[in-house]
Amino acid sequence: MFRHHFILQIATLCGVAVSSFAVSPTIAHANPINQVVNCTSTGQVCDKFAIVNFNSEGRQVRYGITLRAPTTHCSPIKYFTVNNSWEWIETEVLHPGQQASLLLGRGFSPGSHTIQIGAMGIPQGCNTGRLGSWGVQVTVYPVP
């Protein structure tokens, strides 16, 4: 149910540009985008999402995304999104300062695209049963 709702939210946000940066297949990584999200939910899965916009150079270019947990986090976290085939993808549990890369795939038409990123808290450290807020450093990049 949550995954279905998440995918529907992504579909409705496809045209929204909240923050943007250009991605070119000639560079290794674009500048990272820092996001902070405040949850209103009562569990470990936050009901709010980070939104990142990127520009695709064309359908032939394959893209990846790196998600880094800020060093200021006081508990572990998992991030999730969907790839270009609408498949659910998620990181392993990340402790403060750790990062993971996920493959978004190819087939993005030239121009602007929006990625919605969610988070799930892990009870440990300051997280005693509810994920109240979270941050993420996001980098979208072409994969050679």
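**Figure 1. Strand 2 and strand 9 run antiparallel and are joined by six bridges.** The view is taken from a predicted model. Asn 34 is placed opposite Gln 137, a residue of strand 9. Strand 2 covers residues 33-38, and strand 9 covers residues 133-143.

**Figure 2. Strands 2, 9, 4 and 7 form an open sheet, in the order 2-9-4-7.** The pairing in this four-stranded sheet is antiparallel. Strand 2 and strand 7 are the edge strands, each of them pairing on one side only. From one strand to the next, the twist averages 30°. A general point helps in reading such a view: side chains in a regular strand alternate between the two faces of the sheet.

**Figure 3. Strand 4 pairs with strand 9 and also with strand 7.** Seven bridges link strand 4 to strand 9 in the antiparallel sense. Among the residues of this pairing, Thr 66 has Thr 139 of strand 9 as its bridge partner. Strand 4 and strand 7 are likewise antiparallel, with six bridges between them. Here Arg 68 stands opposite Gln 99, which belongs to strand 7. Strand 4 spans residues 62-68, and five of its seven residues are buried, so that the strand is mostly covered.

**Figure 4. The largest nonpolar core has 28 residues.** Which residues touch the most other members of this core? They are Ile 65, Tyr 79, Ile 117, Trp 134 and Val 140. At least two core residues come from each of strand 2, strand 3, strand 4, strand 5, strand 7, strand 8 and strand 9. Strand 9 supplies the largest share, which is four residues.

**Figure 5. Cys 39 is in the loop between strand 2 and strand 3.** Is Cys 39 buried or exposed? Its relative accessibility is 7%, and because the limit for a buried residue is under 20%, Cys 39 counts as buried. Leaving aside residues up to four places away in sequence, Cys 39 touches Cys 46, Asp 47, Lys 48, Arg 130, Leu 131, Gly 132, Ser 133 and Trp 134. One of these contacts, Arg 130, is 91 residues from Cys 39 along the chain, and the C-alpha atoms of the two are separated by 9.4 Å. Trp 134, another residue touched by Cys 39, is also one of the core residues that touch the most other members.

**Figure 6. Asn 83 lies in the loop between strand 5 and strand 6.** The loop connects strand 5, residues 77-82, with strand 6, residues 88-90. Asn 83 has a relative accessible area of 12% and is therefore buried, the cut-off being under 20%. A polar atom of the Asn 83 side chain lies 2.9 Å from the backbone nitrogen of Ser 85. Beyond residues up to four places away in sequence, Asn 83 touches Ile 89, Leu 103 and Leu 104.

**Figure 7. Trp 86 is a residue of the loop between strand 5 and strand 6.** What is the phi of Trp 86? Phi is near 60°, a positive value in a residue other than glycine. In general, most residues other than glycine have a negative phi. Trp 86 has a relative accessibility of 41% and counts as partly exposed, because this value falls between the 20% and 50% limits.

**Figure 8. Thr 114 and Asn 53 are joined through their side chains by a polar contact of 3.3 Å.** Thr 114 is located in strand 8, which covers residues 111-121. With a relative accessibility of 13%, Thr 114 counts as buried. Asn 53 falls within strand 3, residues 50-56.

**Figure 9. The whole protein contains one helix and nine strands.** From the N terminus on, the helix comes before the nine strands. Of the 144 residues, 45% are buried. Among contacts with a separation of 6 or more, 76% are between residues 24 or more positions apart. The pLDDT averages 83 over the protein, and 79% of the residues score at least 70. In residues 1-29 the pLDDT is below 50, and this stretch has 65 contacts in the model beyond near neighbours in sequence.

How values were computed: Residues are numbered from 1 along each chain as its sequence is written. This is a predicted model: local features need pLDDT of at least 70, side-chain atom pairs count only at pLDDT 80 or more; totals for chains, interfaces and linings use all residues. Side-chain values use heavy atoms; hydrogens and water are left out. Buried means under 20% relative accessible area, exposed over 50%, partly exposed in between (1.4 Å probe, protein chains only). A polar contact is a pair of N or O atoms within 3.5 Å; within protein, one must be able to donate a hydrogen and the other to accept it, and residues adjacent in sequence count only if both atoms are side-chain atoms. Contact means heavy atoms within 4.5 Å. A nonpolar core is a set of buried Ala, Val, Leu, Ile, Met, Phe, Trp, Tyr and Cys residues joined through side-chain atoms within 4.5 Å. Two strands pair if DSSP finds at least two bridges between them. Axes are lines fitted to C-alpha atoms, for helices over the stretch in contact, and angles run from 0 to 180 degrees between N-to-C directions. pLDDT is the predictor's confidence in each residue, from 0 to 100.
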